Amino acid sequence: MEKDLKLATELIDFIHTGASPFHVVENISRILDQAGFQKIKLTERWNLEKGKKYYTTRNDSSVFAFITGTQSPAKTGVKMVCAHSDSPSFKIKPDPEISVEDYFLKFNTEVYGGPILMSWLDRPLSMAGRISLNTGDPLNPENRLVNFNRPMLVIPNLAIHLNREVNDGVALNKQKDMLPLSGILGEGSSGKGFFKELLAREAGVEADKIIDFDITLNEQTRGCILGAHQEFISSPKLDDLAMVHAGLNALVNAKPSESTKMLCIFDNEEVGSQTKQGAGSPVFKNIFYRILKQLGADDEEIQQTIYKSFMISADMAHSIHPNKVDKHDPVLHPLINKGPVIKIHANQKYTTDGESGTVFELLCQSAGVPYQKFVNRSDMAGGSTLGNVSTTQLDIRSVDIGNPMLAMHSVRELGGVKDHEYIIRVFDKFFELEQQ
């Protein structure tokens, strides 16, 4: 259990530093730098060599890391693990200050993705993201990251005395009920411009230099290990930073070999992936093609590579809920700490088919890891993930998998300590194998 707990604790630390997708990518970049990966910019000329380690970023919120193979990709294919950096949250709107009774100050926000709204109430919240500064060059503002990393906000519940029906179920209005309280206005202050002043103080810049920002709320309380036997991970953003962390571990552990290995961390999965840094944009295909051309592949060899490659689309999965067993398929009951889950959907919200599922099952067997399968109840619509979006850009064989968890999209989610070590072991095995 010691290795399991060590990896789970590392995951908790990784999530806590990843206060926004920008900070997730910053953290990944730091780890890749320490592991000997060379950063290359999309805007500069590449000169890749075989058997070397590289990474590049898009929008500061997506990252693509890879180890080039020593053999032609047309012979070996490319092995890739894909996950996403974003999580459901609330984004601060422009000019967000709203005063109440000339006393309280709250911030205007917009919901990002599909959070469980009630889970965000009465929790110490912080803010993090990116600010863009005027440099005098309109086409090239300076971007800086900001992470308050301390309790700054709260979305207070309405007392039961003022809402006697609260325990019968309440529909929360995203515009009225979910605005975070920032503090109490100073004497004679309207609060106008206060948010930019906050950002300026935190970033160490002048407020009038800040032109715009991408700031989201985040749960401030660090995750923890819990359970009678220390078997659970309670943390924000397990979906999908647990898979990001596992894929990153496996790539950093991997050694250069015949085949090219790749880790793709996309942004904006929670809102459909149709952005320049999302899985639905050409960025994936552009980088894939660029790597292959740098390794000497011609158009015919690129086509060969596509059809010899394999993608693991890694996004968290649902464990059976102990209080809501009836919400699950009557037969397939994934459980926390029983291994990664292969996700299947007849209408192709997941990319798994019989062949790609078999590939993953055999990987698990080879790694000595148990595995499970998930299918929605036939009368319930499920979620989707980035696998079927990214394959619209490149028709690579793909399987959708994830570790089982409870409370997906809550501000605080629950996963398994053993499962995190299991999935890293599978990803390690995936990167070790060579094309027959």
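Q: What makes β11, β12 and β20 an open sheet, and in which order do the strands lie?
A: In this predicted model, three strands form an open sheet in the order β11-β12-β20, and their pairing is antiparallel. The two edge strands are β11 (224-226) and β20 (413-416), each of which pairs on one side only. Neighbouring strands here are turned by 35 degrees against each other on average, when direction is ignored.

Q: How do you know that β12 and β20 pair?
A: Two strands count as paired if there are at least two bridges between them, and strand β12 (residues 232-235) is joined to β20 over four bridges, in the antiparallel sense, so the condition is met. Within this pair, F232 stands opposite G416 in β20.

Q: Which helices pack on this sheet, and what do they touch?
A: Helix α1 (residues 2-17) touches β11 and β12, and its direction makes about 140 degrees with that of β11. Helix α5 (residues 238-253) touches β12 and β20, with its direction at about 35 degrees to that of β20.

Q: Why are β1 and β17 called edge strands?
A: They belong to an open sheet of nine strands with mixed pairing, whose order is β1-β2-β3-β13-β4-β14-β18-β16-β17. Both β1 (38-39) and β17 (372-374) pair on one side only, and this is what the edge strands of the sheet have in common.

Q: How do you know that β16 and β17 pair?
A: Strand β16 (residues 341-343) and β17 are linked in the parallel sense over three bridges, and because pairing asks for at least two bridges, they qualify. Here I342 stands opposite K373 in β17. Helix α8 (residues 354-367) packs on this sheet, touching β14 (310-314), β16, β17 and β18 (397-402), and its direction makes about 55 degrees with that of β18.

Q: Why can the buried residues of α7 be said to line one face of the helix?
A: The buried residues of helix α7 (residues 299-308) are I302, T305 and I306. Seen down the axis of α7, they fall within an arc of 100 degrees, so they line one face. In general, an α-helix has 3.6 residues a turn, so residues three or four places apart point the same way. Among the elements covering the buried residues of α7 are α3 (73-76), β4 (78-84) and α6 (283-294).

Q: What makes D298 a cap of α7?
A: A side-chain oxygen of D298 lies 3.2 Å from the backbone nitrogen of E300, at the N-terminal end of α7. Since a polar contact needs N or O atoms within 3.5 Å, this distance satisfies the limit.

Definitions and conventions: Residues are numbered from 1 along each chain as its sequence is written. This is a predicted model: local features need pLDDT of at least 70, side-chain atom pairs count only at pLDDT 80 or more; totals for chains, interfaces and linings use all residues. Side-chain values use heavy atoms; hydrogens and water are left out. Buried means under 20% relative accessible area, exposed over 50%, partly exposed in between (1.4 Å probe, protein chains only). The arc is that of the directions from the helix axis to the C-beta atoms. Contact means heavy atoms within 4.5 Å. A polar contact is a pair of N or O atoms within 3.5 Å; within protein, one must be able to donate a hydrogen and the other to accept it, and residues adjacent in sequence count only if both atoms are side-chain atoms. Axes are lines fitted to C-alpha atoms, for helices over the stretch in contact, and angles run from 0 to 180 degrees between N-to-C directions.
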